[in-house]
Structure formats: structure tokens, C-alpha cells
Amino acid sequence: DDITISSSKDLSENLIGNSIKSVISMFKKYDLKLNKKKNKIENIKEKKNGFQVTGLWVGHALPKTTRNERRYIRLMVRVCENEYSAKKYQESYHELWNKTSGLVAKLNRLDQSNHKALRERLSNIFPLYDDNEKNQIIRVCKSVLRIDSKLELKYGQVDTINKVYGKLGILSRNNKALSRVWRKKLKSHFRTMPTKKEIWL
């Protein structure tokens, strides 16, 4: 949800203003809003050691994370390891693990060192669902299967179905057979389900 407009040449204030207005008009077309507090206009000539664009350090030829951020990501993995035994079923741990996993994925996208080792450590401490959450997922599956698949699905319905698939994926970590049964039922019921992107366009 971050947008960066860059140029290798100096731009006039008028051109910069028009470029921002163009983005705002695209937002309005889809009923989205711009957070004006996060607007920044920067010039690399004004930065001694490069500067950050959408959280990435661009002081070199290729974008990278800062040393402090890499240290922070390693710390987050360690926190997950420390909390796994006592909190692996709790929603707070699911949120912590997902956040940390996203940070490690960022290292992977930027091809930075140590991301493989961090990913392997996270794969040993997956968040899990307990029996209460398992039963809730089954109830949601049954509810979703009552949707008439012959009618054109709405964006919200497709989003809900995709979230159910995601939960079934987590459930498969410690209950593969049950997860497989319900995934099969959903796929059989929604044989021609469009993607959210297809509905959006």
C-alpha cells in the first residue's frame, strides 16, 4: 500500500505536484484515500549516506535493509522461539510469527544473507490451532459451503473463502487429514471461483 515515484533526473516542483495529483486521482477512482501525513519528497543530493524508500535503504546500487533492521529481524525470530512452547496456540503468537515471517521474506526478496537460516528456524516453530479453533474453522467451512456456487461470487465472498483456505493450511500443520477433507469439499463446491484480482478488474 506504499507508492514511490522516482526519477533519475531533477524534476520541477510543478511536475512533482502533478505526479502526486495523478496518483490521488487513481485513488479516488477506487474510493481509496491518501495519507497526506506520510507524503515525502526527497532528493538524493540532500542525503549524505543515501536514503530510504518504502523502508529500504537505497544508498547502494541495489536496495537493502539497514543493519539495524537485520538485527531486529534476528531478534524477532529469537522471540518467536522463546514464546513457542507456551503460546503456540494463542492468537498473539500467530500475529507475532506472521509479522516475523514477513520480515524474513523481505530479506529473501532482497537476497540478503542469513534469510535461509532464519526461515528454517521459523519452520520449526509454526503457530498451531487448538481444538476450539479447529471446531470454529469447521463451522466456517460449513457456512461457506452454503453459498450458491452457481451465482456470481462477490469480492467479499471470495475473500472469505480464501481466508478459510488459509486457515485450513494452518490446520494441516497438526491435523493434515481433517484439513484435506475440508479443502477437497471447498474445491469441489467452488470449481470455477474467480480470483480477487479478476473481480477487481
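What percentage of the 201 residues of the chain count as buried? In this predicted model, 24% of the residues fall into that class. The secondary structure consists of eight helices and two strands, arranged from the N terminus in the order α-β-β-α-α-α-α-α-α-α. Among contacts between residues at least 6 apart in sequence, 62% join residues at least 24 apart.

The packing of helix α5 was examined in detail. Helix α5, spanning residues 131-144, contains 14 residues, and the distance from its first C-alpha to its last is 20 Å, close to the 20 Å expected at 1.5 Å a residue. Lys 134, Ile 137, Ile 138, Cys 141 and Val 144 are the buried residues reported for α5. When α5 is viewed down its axis, these buried residues lie within an arc of 125 degrees, so they line one face of the helix. An α-helix has 3.6 residues a turn, so residues three or four places apart point the same way. The elements covering the buried residues of α5 include α6 and α7, the latter comprising residues 176-189.

The contact of α5 with α6 accounts for part of this cover. Two packed helices are described by the angle between their axes and the distance between the axes. For α5 and α6 (residues 155-171), the angle is about 145 degrees and the axes are 10 Å apart; the crossing is left-handed. On the α5 side, the contact involves Glu 133, Lys 134, Ile 137, Val 140, Cys 141 and Val 144, which meet Thr 160, Ile 161, Val 164, Lys 167, Leu 168 and Leu 171 of α6. By residue class, this contact comprises eight nonpolar, one polar and three charged residues. Lys 134, Ile 137, Cys 141 and Val 144 are thus both buried in α5 and in contact with α6.

The loop between α5 and α6 contains Arg 146. With a relative accessible area of 67%, Arg 146 lies over the 50% cut-off and is therefore exposed. The C-alpha atom of Arg 146 is separated by 9.4 Å from that of His 189, a residue 43 positions away along the chain.

A one-sided pattern of burial is also found in helix α4, which covers residues 115-123 and has His 115, Leu 118 and Leu 122 as its buried residues. Seen down the axis of α4, these residues occupy an arc of 65 degrees and therefore line one face of the helix. Lys 116 and Glu 120 are exposed on the face turned away from the buried side of α4. Cover for the buried residues of α4 is provided by elements including α2 (67-87) and α3 (91-109).

Conventions:
Residues are numbered from 1 along each chain as its sequence is written. This is a predicted model: local features need pLDDT of at least 70, side-chain atom pairs count only at pLDDT 80 or more; totals for chains, interfaces and linings use all residues. Side-chain values use heavy atoms; hydrogens and water are left out. Axes are lines fitted to C-alpha atoms, for helices over the stretch in contact, and angles run from 0 to 180 degrees between N-to-C directions. Helices (H or I, at least four residues) and strands (E, at least two) are DSSP runs, numbered from the N terminus. A crossing is left-handed if the near helix is turned anticlockwise from the far one by less than a right angle, and right-handed if clockwise. Contact means heavy atoms within 4.5 Å. Ala, Val, Leu, Ile, Met, Phe, Trp, Tyr, Cys and Pro count as nonpolar, Asp, Glu, Lys and Arg as charged, and the others, Gly among them, as polar. The expected span of a helix is 1.5 Å times one less than its number of residues. Buried means under 20% relative accessible area, exposed over 50%, partly exposed in between (1.4 Å probe, protein chains only). The arc is that of the directions from the helix axis to the C-beta atoms.
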